[in-house]
Amino acid sequence: MIYIITGGPATGKGTRSDILAKALGIAHISTGEILREVAKTNSEIKDKLSKGELISDEIITDLLRDRLKKDDCKKGFILDGYPRTLNQIYLLNNLLDEMGRKIDKVIELTAPDELVFKRILERKSCSKCGRMYGIDFPPKNPEICDDCGGKLEIRTDDTKETLQARINTYKENSKEILKYYKDCGLLLTVDSSGHPENIVKEALED
Ligand code: ADP
């Protein structure tokens, strides 16, 4: 089972991917999370992430290829944040061909701009395990991760300025991606203003 979750910044991709992955017993692969991990030891990537710029298709696809080889992807996976360019669609098609697998559904999440800004400015993630917290799922203690006790931090790219750059990048690149998957008959558009748990019903219904 292979799902792709797409949508602009803070449309709830991470939260909904997590919920869906748990419900279906498949892996949640977030390219943003993979890159934030790499950024801890790579200043070039760190710099690009903090400016809201995309990482090169080659680098991100190599990282993804390695990740998809892991055992937890055997049953299936949800791709969160990839593909983000038309070229990444082709690279992903090649990658899946190599693996003898195919995409079941592409879910596009939409949300009104006011909600996106509110979500961004209130979200935090754990510096140790990467768990995300936000308006739908606040931590018990605003500084500390419920799961592992790690320190919660605001992402360096979660600023008003970077958010605008990320929204613009998404708008530029998403049109052709959505058209491509619509033409393949794989696209399902879901309004993400409702409760995150709704995603399980919405994803399986269509
Ligand atoms: P958001 O969707 O809120 O921007 P993500 O965690 O998905 O957050 O991505 C954070 C950043 O990681 C992006 O702004 C971009 O710099 C980089 N990134 C993530 N996925 C990709 C990708 N598929 N290709 C290139 N860059 C990526």
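## A short tour: one pocket and one aromatic cluster

The lining of the second largest pocket is made up of six nonpolar, four polar and three charged residues. Let's start the tour there, keeping in mind that this is a predicted model.

**Stop 1: the pocket.** Select Gly8, Thr11, Ala111, Tyr170 and Lys171, the residues nearest the centre of the second largest pocket, out of 13 that line this pocket. The volume of the second largest pocket is about 190 Å³.

**Stop 2: the walls.** Now colour strand E4 (105-110), helix H6 (113-122) and H7; each of them gives at least two residues to the lining of the second largest pocket. Which element supplies the largest share of this lining? That is H7, with four residues.

**Stop 3: the aromatic rings.** Next, show the side chains of Tyr90, Tyr180 and Tyr181, which form one aromatic cluster. The structure holds two aromatic pairs. In one, the ring centres of Tyr90 and Tyr180 are 6.2 Å apart and the planes stand at 85 degrees, so this pair is edge-to-face. Zoom out a little: Tyr90 sits in helix H5 (residues 86-99) and Tyr180 in helix H7 (residues 160-183), so the pair ties together parts 90 residues apart in sequence.

Then move to Tyr180 and Tyr181, whose ring centres lie 5.2 Å apart with planes at 85 degrees, so this pair is edge-to-face as well.

**Stop 4: the surface.** Turn on the surface and look at the three tyrosines again. Is Tyr181 buried or exposed? Tyr181 is buried, at 1% relative accessible area. Tyr180 is partly exposed at 24%, and Tyr90 is partly exposed at 42%.

Key: Residues numbered from 1 in each chain as written. Predicted model: local features only at pLDDT ≥ 70, side-chain atom pairs only at ≥ 80, totals over all residues. Heavy atoms only, no water. Phe/Tyr/Trp six-rings, centres within 6.5 Å; stacked < 30°, edge-to-face > 60°. Buried < 20%, exposed > 50% of the residue type's maximum accessible area, 1.4 Å probe, protein only. 1 Å grid on protein atoms, 1.4 Å probe; cavity = no way out; pocket = protein on both sides within 12 Å on 5 of 7 lines; lining within 4 Å. Points joined across faces, edges and corners; volume = space filled by probe spheres on them. Nonpolar A, V, L, I, M, F, W, Y, C, P; charged D, E, K, R; others polar.
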